[in-house]
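Here are my notes on this chain, in numbered points. Please read them with the structure open beside you.

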Amino acid sequence: MNNVNELIDSHILKSDKVHYNLPTQQLIDIAVEKEDGYIAKSGALCINTGKYTGRSPNDRFIVDEPLVHNHINWSKGNKSISSEKFENLFNKAMDYIDNKELFIFDGFVGADLEYRMPIRVINEFAYQNLFAQQMFIKPKEGERENFKPEFTVVALPNLKAVPEVDGTNSEVFIIISFEKKVVLIGGTKYSGEIKKSIFTVMNYLLPFKNVLPMHCSANIGEGGDVALFFGLSGTGKTTLSADKNRRLIGDDEHGWTENGVFNFEGGCYAKCINLTEEHEPQIWNAIKDGAILENVVIDETTGEPDYDDDKYTENTRAAYPVEHIDGAVMEGKGGIPKTIIFLTADATGVLPPISKLTKEQAMYHFMSGYTSKLAGTERGIVEPTATFSTCFGGPFMLLKPQVYAKLLGEKIEQYNTNVFLVNTGWTGGPYGVGNRMKLKYTRSMVRAAMKGELDNVDYIKDPIFNLSIPTECPDVPQTILEPSNTWEGEDAYYTKANELAESFIRNFEQFKDVSEDIKNANPKILG
């Protein structure tokens, strides 16, 4: 299997059923006619993805090839598959698409012309091709002439693997080959696998060009100040970066160069469980003609979405192009970040709602990536589950965490960027006892951090986590800033805090080649 793109083209060209870069409305019409799509009252296309309503991390493989073997962090959940198994599945996929109706999108990932990558996405479903059009960057006039993709995604949900034959863990497979420059997806209709696979590819490639790839959202203020929001799915990246007083650069995936940040994507993929117009007006208003709703319950009589209904999953999603966000930065680029926000949904309820980090603490918490996986974001997650996900995006970061952390630390120091850790999880007790942090308070804290209103306030040190906690914040009750104050019993708080501290310490033992300054950011267990 030498030239993969030629091989793919040889199969595609056998069919007269191949559609290249169809307009939005035509893809919607096909999805409604042939794919059980439904148009909501808002105009959005509604799709149910069936059995799989979230990512399948145990079914993602990297082909173990000489080009990448010594660079991939195999010890941290990156599963390998042999070239032979990949080629067998790839050939099976080529046989499968012979004479099939297919939908092709040619576009780019990366808004910075110096680092953007041309990609081709091949789908057997029209709605997933529409998803690709929304998520990636559409070419400008003339940019599709003599188009040559650097990476190709082949997404075939109805093609299922046979684990005992194909070397997979289930019928689902997401396989990335860096030598062949192909992503092969099968067995799942969940569209998020398409975008996350390309995000993973960029995360691998960019550090070799001294660019920090980031699982974060980004926005820009009236004065040109850029803020980044790191966090796993469901911790608030999309919600908190969608601010009516700031312009959105992107909601999920960015690169940081010597000139600033750039969006990988051309769209947004927002969680919409419990979505309301009052709390998230930008997302609410973006769900209109051309948008896609995945696994959202729709009233058959009125056509109204019920965003509170988790009948299919809590991981309900809305996909829409970035131009659906009023005032979005259409060029997808911004300057050097002034503020970085690390978002964690702490299910134990012991981390402060906001704290300021030193450079070393920032690198420590970036490598730790503590949060709680929220229900529905992955198969099998039904309630918040504590986890450490390196770089706040462990499943998508193929290199060693130290590589990404080193780049982050260098940029924080070079540009004097402020870093804050924000707990969007629980307060007053753990999950099941305490309450989720109020969104209006989190918004106020984040806005204060971005506006510099926390630069000159007094701070106190958390005795266990050594975090600097502000003693005041505009529009936030002082009583909630220090977390032990919100618990009924101080002893219960410190018991739970010590438990979490032990988890941090155990997790960080995996990182051997880091400086003592970073190791010293470990929590201290109180006797």
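1. Start at leucine 228. Setting aside residues up to four places away in sequence, Leu228 touches Met214, Cys216, Ser217, Ala218 and Trp256. Its other contacts are Val261, Pro337, Thr339, Ile340 and Ile341. Keep in mind that this is a predicted model.

2. Leu228 belongs to a bigger group. The largest nonpolar core has 103 residues. Leu228 is listed there with Phe136, Phe342 and Phe465 as the residues with the most contacts inside that core. Apart from it lies another core, of 25 residues. Ile8, Ile122, Ala161 and Val182 are among its members. In soluble globular proteins, nonpolar side chains tend to be buried together.

3. Now step back to the whole chain. The protein chain has 13 helices and 30 strands. Its C-alpha trace spans about 70 × 55 × 45 Å along the principal axes. Is the radius of gyration what a compact globule would have, or what it would not have? For 527 residues, such a globule would have a radius of gyration near 24 Å; the chain has 23 Å, so the two agree.

4. How much of the chain is buried? Of the 527 residues, 61% count as buried. The chain exposes about 20800 Å², and carbon and sulfur atoms supply 45% of that area. Look at the contacts too. Among those between residues at least 6 apart in sequence, 72% join residues at least 24 apart.

5. Charges come next. There are 54 positive and 74 negative side chains in the protein chain. The centres of the two sets lie 2 Å apart.

6. Two serines sit in helices. Serine 197 is in helix 6, residues 192–205. Buried or exposed? Serine 197 has 3% relative accessibility, so it counts as buried. Beyond residues up to four places away in sequence, serine 197 touches Ile174, Ile176, Val183 and Ile185.

7. Serine 444 lies in helix 11, residues 439–451. Its relative accessibility is 15%, and the cut-off for buried is under 20%. Serine 444 therefore counts as buried. Leaving aside neighbours within four places in sequence, its contacts are Cys473, Pro474, Asp475 and Val476. Take Val476: 32 residues separate it from serine 444 along the chain, yet their C-alpha atoms are separated by 6.8 Å.

8. Check two backbone angles. Lysine 181 is not a glycine, but it has a positive phi of about 60°. Lysine 181 is in the loop between strand 9 (173–177) and strand 10 (182–186). With a relative accessible area of 36%, lysine 181 is partly exposed. Asparagine 416 also is not a glycine, and its phi is positive, about 55°. Its place is the loop between helix 10 (401–415) and strand 26 (418–423). Asparagine 416 is exposed, with a relative accessible area of 65%.

9. Lysine 160 is another loop residue. Look for it between strand 8 (151–156) and helix 5 (163–166). At 39% relative accessibility, lysine 160 counts as partly exposed. Outside its neighbours within four places in sequence, lysine 160 is in contact with Glu171, Phe173 and Gly187. Lysine 160 and isoleucine 185 are 25 residues apart in sequence, and their C-alpha atoms are 9.4 Å apart in space.

10. Aspartate 289 is in the loop between helix 8 (281–286) and strand 17 (292–294). Its relative accessible area is 57%, so aspartate 289 is exposed. What does aspartate 289 touch? Not counting residues up to four places away in sequence, it touches Ser42, Gly43, Ala44 and His324. The C-alpha atoms of aspartate 289 and isoleucine 39 are separated by 8.9 Å, though the two residues are 250 apart along the chain.

11. Finish with threonine 424. Threonine 424 lies in the loop between strand 26 and strand 27 (426–427). This loop residue is buried, with a relative accessible area of 7%. Leaving aside neighbours within four places in sequence, threonine 424 is in contact with several residues, including Thr235, Leu240, Leu343 and Arg436. Isoleucine 122 is 302 residues from threonine 424 along the chain, and their C-alpha atoms are separated by 37 Å.

Conventions. Residues numbered from 1 in each chain as written. Predicted model: local features only at pLDDT ≥ 70, side-chain atom pairs only at ≥ 80, totals over all residues. Heavy atoms only, no water. Helix = DSSP H or I, 4+ residues; strand = E, 2+ residues; numbered from the N terminus. Rg over C-alpha atoms; globule rule 2.2 N^0.38 Å. Buried < 20%, exposed > 50% of the residue type's maximum accessible area, 1.4 Å probe, protein only. Contact = heavy atoms within 4.5 Å. Areas by Shrake-Rupley, 256 points an atom, 1.4 Å probe, with all protein chains shown as cover. Lys, Arg positive; Asp, Glu negative; His and termini not counted. Charge placed at Lys NZ, Arg CZ, Asp CG, Glu CD. Core = buried A, V, L, I, M, F, W, Y, C linked by side-chain atoms within 4.5 Å.
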